[in-house]
Amino acid sequence: MGDEMMIALIGAGSALAGALIGGAAAVAARAARSAYFGPLDVARREGQREAYVALLKAADIYEAETASAVEYARLLLEDSTRGSAHRPLRSGPDELAGYRNSISSAATHHPVTAAARQVELEGPTRVAEAAKAVRAAARQLAVTLTGVERGFGHPAEGLGPVIPDQAHEQHEALRSAINAFASVAGKRLNTW
């Protein structure tokens, strides 16, 4: 064997040893990075999951409360039109007061708003946008329900027949926004 061949074999052996050492170092670095960032990533994911669950709970409670309030708004409108036509009311004064109290308390959307803002902080963008849609739908429904309450609180201003229909449509929009959020959040949680 000539000197040239010997030099080539030594060079190839050195390159192979260098590649093995470099590859082992890269694997060790990746393992070290995973060991360091793994717990941080798990904690971040857990924070997101908790925020998503909190929004879903708050939104589901609000949706259930407003379902009754939307129906009470319809009943109040029916009795309002019956009373203005001088026909007997279907509901007694205590029932009407109960309907109004239910509508008034259902107009409070603050727990949904607070939970949606937490999700917006946790992200990611697609989930944050879905949370904003839930917040906007809850807020719009709350404004309409406040209008219903105000309409009965100030009879001179009256209550338009379109308001219960708007409340029903907005309630359906809220339900749709909640379902869309649940879908996006579920996909996010299941892709890690």
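What share of the contacts in the protein with a separation of 6 or more comes from residues 24 or more positions apart? The share is 79%. With that in mind, here are some views of this predicted model.

**Figure 1. The whole chain is a run of five helices with zero strands.** Read along the sequence, the pattern is α-α-α-α-α. Of the 192 residues in the protein, 30% count as buried. The accessible surface comes to about 11600 Å², and carbon and sulfur atoms hold 59% of that area. A word on confidence as you look around: the mean pLDDT of the protein is 76, with 63% of the residues at 70 or more. Among the elements, helix α1 (residues 3–84) has the lowest mean pLDDT, 73, while helix α3 (residues 110–122) has the highest, 92.

**Figure 2. The largest nonpolar core brings together 36 residues.** The members that touch the most other members are L55, V119, V134, L145, L174 and F181. Helices α1, α2 (93–106), α3, α4 (125–153) and α5 (162–190) each give two or more residues to this core. Pick out L145 for a closer look: setting aside residues up to four places away in sequence, L145 touches T66, A69, I103, A106, A107 and A167.

**Figure 3. Helix α3 has 13 residues and is followed by a glycine, G123.** From first C-alpha to last, α3 reaches 19 Å, close to the 18 Å expected at 1.5 Å a residue. Its buried residues are V112, T113, A115, A116 and V119. It helps to recall that an α-helix has 3.6 residues a turn, so residues three or four places apart point the same way. Just past the helix, G123 has a positive phi, near 70°.

**Figure 4. Y52 and F181 form an aromatic pair.** The count of aromatic pairs in this model comes to one. The two rings, Y52 and F181, sit edge-to-face, with 6.0 Å from centre to centre and 90° between the planes. The pair links distant parts of the chain, since Y52 belongs to helix α1 and F181 to helix α5, 129 residues apart. Both Y52 and F181 are buried.

**Figure 5. Y52, in helix α1, has partners from elsewhere in the sequence.** Is Y52 buried or exposed? Y52 counts as buried because its relative accessibility is 1%, and the cut-off for buried is under 20%. Leaving aside neighbours within four places in sequence, Y52 is in contact with V119, G123, P124, V127, F181, A185, R188 and L189. Two of these names will be familiar: V119 is one of the buried residues of α3, and G123 is the residue that follows that helix. For a backbone view, look at Y52 and Q118, which are 66 residues apart in sequence and 8.5 Å apart in space, C-alpha to C-alpha.

**Figure 6. T144 is a buried threonine in helix α4.** Why does T144 count as buried? Its relative accessible area is 6%, and buried means under 20%, so T144 falls within the cut-off. T144 and A107 are 37 residues apart in sequence, yet their C-alpha atoms are 8.2 Å apart in space. A107 also appears in Figure 2, as one of the residues that L145 touches.

Definitions and conventions:
Residues numbered from 1 in each chain as written. Predicted model: local features only at pLDDT ≥ 70, side-chain atom pairs only at ≥ 80, totals over all residues. Heavy atoms only, no water. pLDDT = per-residue confidence, 0-100. Helix = DSSP H or I, 4+ residues; strand = E, 2+ residues; numbered from the N terminus. Core = buried A, V, L, I, M, F, W, Y, C linked by side-chain atoms within 4.5 Å. Buried < 20%, exposed > 50% of the residue type's maximum accessible area, 1.4 Å probe, protein only. Contact = heavy atoms within 4.5 Å. Areas by Shrake-Rupley, 256 points an atom, 1.4 Å probe, with all protein chains shown as cover. Expected span 1.5 Å × (residues − 1). Phe/Tyr/Trp six-rings, centres within 6.5 Å; stacked < 30°, edge-to-face > 60°.
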